[in-house]
Amino acid sequence: MNRHLTHALRVLPAAVALAAGAALAPAAQAGQPAAPARPGPLAVNDLAANPYERGPAPTEASITAEKGPFAVEKIDVPAGSGTGFNKGTVYAPTDRSQGTFGAIAVSPGFVSPQGWIDWYGPRLASQGFVVMTLETNSLLDVPAARGEQLLAALDYLTGRSEAKDRIDASRLAVMGHSMGGGGTLEAANKRASLRAAVPLAPWDTTYDWKNVRVPTMIMGADNDFIAPADSMAESYYDNLTAVPEKAYLELKNAGHMTFNSPNATIAKYAIAWMKRFVDDDARYEQFLCPEPSPDAAIAQYEGTCPTG
């Protein structure tokens with residue numbers, strides 16, 4: 001048996017035990033039409049008159065703030081609202097004056113409810129995105145199923161949701177934690193038209209990502225024993241051999257469940273990546289280039305800075 005698969009199956013019981021324990025604590029498809037082909041990211045010199053810029057020029061304070069410049073509306077998505085996914089919540093900017101926004105679908109991890117990743121909804125939306133956080137079809141869904149649900153959620157957002165008129169269907173992205181992070185990679189592997197992917201502490205038994213073309217930032221944690229960074233997140237990053245734009249960020253003194261609570265470092269780099277590749281917004285390149293050095297929050301960072 002492949003050593004990666006052996007390791008993945010060995011740590012799965014730990015994931016179940018930890019997630020089940022945390023659940024006792026107070027806490028907050030196929031057949032879908034393909035999105036339009038994804039154009040390549042604009043070169044920095046072409047971004048001066050970028051029509052997709054949304055919001056004021058960013059600063060360290062603005063990108064790490066709990067709330068960005070956009071007021072956000074919360075829209076419940078009950079079960080049965082669309083096909084290929086269970087239910088979820090949409091967070092959408094209320095400002096219609098700046099045109100349409102890119103959209104992001106976010107999946108939780110194994111035996112994890114939507115509430116564990118719902119902080120990403122308002123955090124990202126307030127920076128100028130329409131965001132949908134998912135309740136998966138089953139708490140036990142494997143990464144491939146979560147990837148299909150992420151894509152189905154994007155199709156719902158652009159085709160049937162109350163926020164569809166606020167969305168640019170050519171600028172879509174995916175994000176997820178743990179098996180939802182694996183699902184993020186699965187979705188990127190399946191739909192090359194996506195503009196960005198941000199897997200968070202991803203868990204998947206698949207290690208072959210050579211066909212992924214979507215700009216991808218993978219985040220891991222140095223003290224993660226459920227999805228160990230060296231054998232999962234970092235290995236997945238190394239196997240993104242065809243992606244011209246990629247990055248790997250490893251959090252310092254952090255564990256697998258760190259991604260389920262508001263965190264300024266996670267938010268900062270997820271926002272910067274989404275802004276740079278979903279919105280082609282070169283103003284956010286300052287947070288990615290030069291590549292961040294290890295510090296109190298970052299154990300390791302490497303990438304293409306960001307366009308190789």
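This is a short dialogue on reading the sheet in a predicted model.

Visitor: Where do I start with the sheet, and what is its strand order?

Guide: Start with which strand sits beside which. Here 9 strands form an open sheet in the order β1-β2-β4-β3-β5-β6-β7-β8-β9, with mixed pairing. β1 (72–77) and β9 (298–303) stand at the edges with a single partner strand each, so one side of each lacks a neighbour in the sheet. On average, neighbouring strands are turned by 15° against each other, direction ignored.

Visitor: Which sense does a given pair have, parallel or antiparallel?

Guide: Look at the pair and its bridges. Strand β2 (residues 87–93) and strand β4 (residues 129–135) are antiparallel over 5 bridges. Thr89 has Thr133 of β4 as its bridge partner. Strand β5 (residues 167–177) pairs with β6 in the parallel sense, over 5 bridges. There, Val174 is bridged to Ala197 of β6. β6 also pairs in parallel with strand β7 (residues 216–221), over 2 bridges. Leu200 stands opposite Met219 in β7.

Visitor: Is β6 buried or exposed?

Guide: Count its buried residues, those under 20% relative accessible area. In β6 (residues 196–200), 5 of the 5 are buried, so the strand is largely enclosed by the rest of the structure. Ala196, Val198 and Leu200 point one way, Ala197 and Pro199 the other.

Visitor: What lies across the sheet, and at what angle to β6?

Guide: Follow the helices. Helix α7 (residues 264–278) lies across several strands, including β6, to which it runs at about 160°.

Visitor: What unit do β5, α5 and β6 make?

Guide: Trace strand, helix, strand. β5, helix α5 (residues 179–190) and β6 make a right-handed β-α-β unit.

Terms used: Residues are numbered from 1 along each chain as its sequence is written. This is a predicted model: local features need pLDDT of at least 70, side-chain atom pairs count only at pLDDT 80 or more; totals for chains, interfaces and linings use all residues. Side-chain values use heavy atoms; hydrogens and water are left out. Buried means under 20% relative accessible area, exposed over 50%, partly exposed in between (1.4 Å probe, protein chains only). Helices (H or I, at least four residues) and strands (E, at least two) are DSSP runs, numbered from the N terminus. Two strands pair if DSSP finds at least two bridges between them. A crossover is right-handed if, with the strands pointing away from the viewer, the path from the first strand over the helix to the second runs clockwise. Axes are lines fitted to C-alpha atoms, for helices over the stretch in contact, and angles run from 0 to 180 degrees between N-to-C directions. Contact means heavy atoms within 4.5 Å.
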